[in-house]
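Me: Hello! Could you take one part of this model and look at it closely for me, then carry on to some of the strands?

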Amino acid sequence: MTVLEQPGSYRPTPPPAWQPRTDPAPLLPDAEPYRLLGTDAADGLDPELLRRLYGHLVRGRRYNTQATALTRQGRLAVYPSSTGQEACQVAAALVLEDRDWLFPSYRDTLAAVARGMDPVQALTLLRGDWHTGYDPHEHRVAPLCTPLATQLPHAVGLAHAARLKGDDVVALALVGDGGTSEGDFHEALNFAAVWRAPVVFLVQNNGFAISVPLAKQTAAPSLAHKAVGYGMPGRLVDGNDAPAVHEVLSEAVHRARAGGGPTLVEAVTYRIDAHTNADDATRYRTDVEVETWRAHDPIALLERELTRRKLLDESAIRAEADAAERMAADLRERMHQDPALDPMELFTHVYAEQTAQLREQAAQLRAELTAAGELPGPQAGGPQEGRQR
Amino acid sequence: MTTAPVDTGRKAASMAQALGRALRDAMADDPAVHVLGEDVGTLGGVFRITDGLAKEFGEDRCTDTPLAEAGILGTAVGMAMYGLRPVVEMQFDAFAYPAFEQLVSHVSRMRNRTRGALPMPITVRVPYGGGIGGVEHHSDSSEAYYLATPGLHVVAPATVADAYGLLRAAIASDDPVVFLEPKRLYWAKDDWDPEHPEQVPGIGRAVVRRPGTSATLITYGPSLPVCVEAARAAAAEGWDLEVVDLRSLVPFDEETVCASVRRTGRAVVVHESTGFGGPGGEIAARITERCFHHLEAPVLRVAGFDIPYPPPMLEKHHLPDVDRVLDAVARLQWESEWTSNEYESGAR
């Protein structure tokens, strides 16, 4: 049987014989977000996993505050913070194997960093010296995607291609609550379900699409419920409960890897910071609301659990904080160095082979730069390809 | 177009057959080549271009997708990221528009965004253009949208041999190619042997289809037969017209176009696409910038009117035809040449 052949092919039958193709009940999400922290089930959680998650969350929070600070210092053009969403970011990275692929949006640089990427490379897009600051093959992280939800069909296609080649690779794609309104969200989930592609879609429902609250975004019972319409399971999870997100995503990844097809996971979380440093969140939400969510902070929740089970003492907490400070200091120092820019690279990667038009335009820019004495590197003072100004 | 002379022993083949053969041969040569689109599998495509591919290579290689063009092209991006070489079929020109964001925001610039780490060897086949009596949304000439997008190659074959050769080249290219198939030429036959397809120049090379000395007709795709016919008719009027078939709009073969115009001194660009904002404006500007001192007359354009594509019973008024091309040729200020020739010969 080929990958695409499916048992029980659906053909409409005339009434009254019509019945649903699949039983929708098992696909439905739970009424309440799945939680582990603060429940009896938390006692059974692996201490090693909890400590690992904790370390990542602490460093992740520090990464967020450091990146935000870098915007004020003019070192980043913009930073869409994931403060408050660290549990989703970290869990998404940790549930994947090396051979798997992560498809992030612009708010998901932390997930890329948690997967092992150098933070400076992850922030290149936001610093503005190039679009994608890394080779996607190195950590199997697709380019940070700005047009909302357009990376989701890429994840489906990649996962499908891997399956066609016989590789047990899973793709995990990140999207926000606003992104679920995009047509590409719909098309990606539909293709994934029809092809039974090994993909996990993680919706970080952080409450707002810039300023627009979820109530203006959808009338669905939950975003996880949308899964049922595509014929895939939907899972609802507390996005600030790191072990819960980790467990739900792990299950979805295993299911995908085993040939069970895609899953839609909605993680309910909150964007503590404004949309970006350029946004003013006080125009659309109250401080009271933000404070309510601060009380449900992913780091504090996990720290409480670890201390309760005596898996973390004061010195361990301090050690994690120190590690985070060292990471931030290193990031700060490296981001305060001006990136090397080569204007001539503008023409290098447009086509495999430069067109005559681009060669001409490159020569023009080179001549302009030479005349201005701004051509960096060994080319400066070299033979001129165009007329000098 | 010519039909096959009986005595060559070669078969007359249609452009549709050549395109199908190109897909088949590409799939046979390279297991990374995958065809996907609406109705391309069981049905063989609404124009039957992909007929037989699903049977020969299986549904995993020639896949009927859900009806969603952004999804088709978007998943093709992911497949290309994993080392496949997708060939997607957009069923009709105007049905390709839902895929526009994927094309512009990802396919065209993925190589650039990633400093070459993620090339996009994707071929987007678009049956395009009018003249088939189609109702609305079935006859657009959408090339101007594509050629305004850096990172894409835009190819339009006009002969059976080119249909095969250029499609093979498009699939083999490591860059994304929008492959515009002139659907009214699908059934035009030519002397072409599928078992021994002739080599044609690669993407980016224009070809002089008819040499001439009086003026140059510059065209591509469905307007090539119109221009060749116009050149034949013009001979009766004493004009010896050269016909240049661009074959690809991007890369644009300025060298061949300018060499021709420098020889003839006059040029008319012919295409179905609208005149305002259409390819002809860019081509005319380039000729003017580079060949100004060789020009005896302004570069003229014969294009579709600046209107939404007309209903089928009115499309004949919209499409460039032989008469309209000849009218343009007549407006190339022949009087001034007569005057200058007379002047140079010392008659005045």
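Which residue just after α8(A) takes a positive phi of about 50 degrees?

Reply: Happy to help! A word on the model first: it is predicted, so local features need pLDDT of at least 70 and side-chain atom pairs count only at pLDDT 80 or more, while totals for chains, interfaces and linings use all residues. Residues are numbered from 1 along each chain as its sequence is written, with chains lettered from A and ligands numbered from 1 in the order in which they are written.

The residue you asked about is A:Arg196, whose phi is positive, about 50 degrees, just after α8(A). Helices (DSSP H or I runs, at least four residues) and strands (E runs, at least two) are numbered from the N terminus.

Now the helix itself. α8 of chain A covers residues 183–195, and at 1.5 Å a residue its 13 residues should span 18 Å, which agrees with the 18 Å between its end C-alpha atoms. That expected span is 1.5 Å times one less than the number of residues. Because 10 of its 13 residues are buried, α8(A) is largely enclosed by the rest of the structure. Here buried means that 20 or more other C-beta atoms, placed from the backbone, lie within 10 Å of the residue's own. Among the buried residues are A:Phe185, A:Leu189, A:Phe191 and A:Trp195, and also A:Asp184 and A:Glu187. What covers them includes α7, β2, β3, α9 and β7 of chain A, together with α3 (69–81) of chain B.

Next, a strand in chain B. β4(B), residues 85–89, is mostly covered, with 5 of its 5 residues buried. In a regular strand, side chains alternate between the two faces of the sheet. In β4(B), one side holds B:Arg85, B:Val87 and B:Glu89, the other B:Pro86 and B:Val88, and all are buried.

β4(B) also has partners; strands pair when DSSP finds at least two bridges between them. β2 of chain B (residues 33–37) runs parallel to β4(B) and is joined to it by 5 bridges, with B:Gly37 opposite B:Glu89. β5 of chain B (residues 123–128) pairs with β4(B) in the parallel sense over 3 bridges, and there B:Val88 stands opposite B:Val124.

Finally, chain B has an open sheet of 5 strands, ordered β9-β11-β10-β13-β14, with mixed pairing. Its edge strands, β9 (207–210) and β14 (300–304), each pair on one side only. β9(B) meets β11(B), residues 241–245, in the antiparallel sense over 3 bridges, and B:Arg210 has B:Val243 as its bridge partner there.

Key
Buried ≥ 20, exposed ≤ 12 C-beta atoms within 10 Å, placed from the backbone. Contact = placed C-beta atoms within 7 Å.
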